[in-house]
Amino acid sequence: MLKKSEFGTSMKVAPQIILLIFILLIVILFSTGMGYIEISPLEVIKIIIAKISGNNAFLHGINEIFPYVVYDVRLPRILTAAIVGGGLSIAGVVYQGILLNPLADPYTLGISAGAAFGAAIALLLNITLLGIYSVALFAFTGSVATLFAVIFLSSSDGRLSSNNLILSGIIIAAILSAGISFMKYVADEQVSIIIFWLMGSFGSKTWPDVSLTFLFVSIGFIICIFFARDLNIISLGDRSASSLGIDTTRVRLTLLITASLITAICVSVSGIIGFVGLIIPHLMRFFVGPDTRKLLPVSALTGAILLLCADTITRAVLTAEIPIGVLTALIGGPFFCYIFKRKRRRTGG
Amino acid sequence: MADNNVFDINNISFYYGKNKALDNLSLAIEPGNFYGIIGPNGCGKTTLLDITVREKTPSSGTIQYLGCDIKKYSRKGLAKEISLVPQDFYINFSFTVKEIVLMGRHPFIPRFSSPSSFDLDIVNEVMEELKIIKFKDKYITELSGGEKQRVIFARALAQNTPVLILDEGTSNMDIQYTLNILDIVGSSVKTKKRTVVAALHNLNLAAVFCDKLVFMKSGRIVHHGSVDNVLKEENIKDIFEIDNHIYFDHYSNSKQVVFKRKRLA
């Protein structure tokens, strides 16, 4: 166990963050080299420097298709995987905090069902008016619409209670799931495309995917960090939090929308990748404690590292690529059972 | 309506849907007093207290804090004036005791700042006083109900406000800690001129520690005044519909209420 820092000031966490950033960079470097075509880390560094500086002298002696493989094929996929891993973890931390429930995850409020519904419509009706981004756009629209439906359903006298949110999320997700099942039923040959999309993939990601997710996730992260201390205090319960000067409804709504938009963009580019947003915050809370100010950056970085590793396993280690959503659930599920059991033994709860 | 009142509550009503929880209730809370709010379950005590911390807004009527409409205060500003020990204290995340108590300093610590040494001193002092310092590094989730409640109490005391609202704040504590806490709170009423408004179930503790009692029934105040004037057999009978006997107890130096069995066989 890591030491519990005196009074939880954010300074103490800096070395851990630097270490995690370092690990993330190493993982990015090595995973870029891994795959059908093996490229050494040194060559990867040279290619990246050549791209950034525009100086092709660095490419001397490197197979001429390597820069293409690194820059156009692998890096967009790798960076998207890392950003999505970070984004889902941030959203997980925030959802667990707002809903006062350590078992909540980015999909608790039906955001994933909304995205899946949107994507299924686009795939079923073969909508391509926006080219390759049609499905992502439909998925995003579906998840945002779901979010507002959930907020509308759960708010009463201008308040948002966590129980109402969870219940509304479950109800709406159930309705949407039925819709998705129906679409699968009528889809005929498209059904495999829908199923494949739902299982998640980072295949054929492009630089626009990278920049779009990075934009959402980084802005979202800044907003969440801004309200991190308020989120700590909300865990005391609404009455205590508001007696400590926190506008619980406003903070909750802001963070809910922020975390949901992060989730929506992640799901739109990568499909439904389960367990990351549940396990990473859980695991990190175990190491750095529940203080959101530490938990957010540490979870974001660990989520990025782990999802990137998982994607690298399906892409470069396994002989046949299995969907990333299936892999995270297969690894994450049993692992979660383990920590859940262990944690209960520790607290006797 | 005197200007120096802490709260001036004027004709407030509050509805939950169609149910009236508070019915045209008026009350002035004077500074430097320990108020005990007494009444049967569901009489509106918690709703009244929620209105004083602006957790709820009355459906009609006004409430003023220090002569100024409570709505005009900023949330942070009010948090520097009034602290609350709530009835429920369930915390799902394993913060340490010290971290929880430090949260009481939240209104005084600017965003992105670390707590000052003054903040930390208050936190340590309060933990010492409430005898929770020995488990300051334990997780809140590992404590018993009574211990948790002392931590929540410490959190409110660390806020160090001129007004303290207690909603059954000692319900889960044993008698030792209940007395310890009421003593700490009661003496701060005398020495720091703090104003305390407490919903209490234990009539005899209320008689020992409170300066004034407010008796509530069905969303109204039926009797209020000094303990001597209000704590009477007929008033208790009126509110709780129970037979009782009240006498002056020399040991506790206060009036005490006693009851007897209704069915002997």
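Below are three short exercises on a predicted model, each with a worked solution.

**Exercise 1.** State the strand order of the open six-stranded sheet in chain B, and find its edge strands.

*Solution.*
- Start with the order: β6-β7-β8-β3-β9-β10 of chain B.
- Check the pairing. It is mixed.
- Now look for strands that pair on one side only. These are β6 (82-85) and β10 (220-226) of chain B, the edge strands.
- Last, the twist. Neighbouring strands of this sheet are turned by 15° against each other on average, direction ignored.

**Exercise 2.** Describe how β7 and β8 of chain B pair, then place helices α6 and α9 of chain B on the sheet.

*Solution.*
- Take β7 (residues 163-167) and β8 (residues 195-199) of chain B. They run in the parallel sense and share five bridges.
- Pick out a facing pair: B:V197 in β8(B) is opposite B:I165.
- Turn to helix α6 (residues 175-191) of chain B. This helix packs on the sheet and touches β3 (34-38), β7 and β8 of chain B. Its direction makes about 130° with that of β3(B).
- Then take helix α9 (residues 233-240) of chain B. Its contacts on the sheet are β3, β9 (212-217) and β10 of chain B. Its direction makes about 35° with that of β9(B).

**Exercise 3.** Locate A:T108 and list its contacts beyond four places in sequence.

*Solution.*
- Find the loop between α3 (66-98) and α4 (111-124) of chain A. A:T108 sits there.
- Set aside neighbours within four places in sequence. A:T108 then touches A:L99, A:I166, A:G169 and A:I170.
- Add a link to A:D105: its backbone nitrogen lies 2.7 Å from a polar side-chain atom of A:T108. That falls within the 3.5 Å cut-off for a polar contact.

Notes. Residues are numbered from 1 along each chain as its sequence is written. Chains are lettered from A and ligands numbered from 1 in the order in which they are written. This is a predicted model: local features need pLDDT of at least 70, side-chain atom pairs count only at pLDDT 80 or more; totals for chains, interfaces and linings use all residues. Side-chain values use heavy atoms; hydrogens and water are left out. Two strands pair if DSSP finds at least two bridges between them. Helices (H or I, at least four residues) and strands (E, at least two) are DSSP runs, numbered from the N terminus. Axes are lines fitted to C-alpha atoms, for helices over the stretch in contact, and angles run from 0 to 180 degrees between N-to-C directions. Contact means heavy atoms within 4.5 Å. A polar contact is a pair of N or O atoms within 3.5 Å; within protein, one must be able to donate a hydrogen and the other to accept it, and residues adjacent in sequence count only if both atoms are side-chain atoms.
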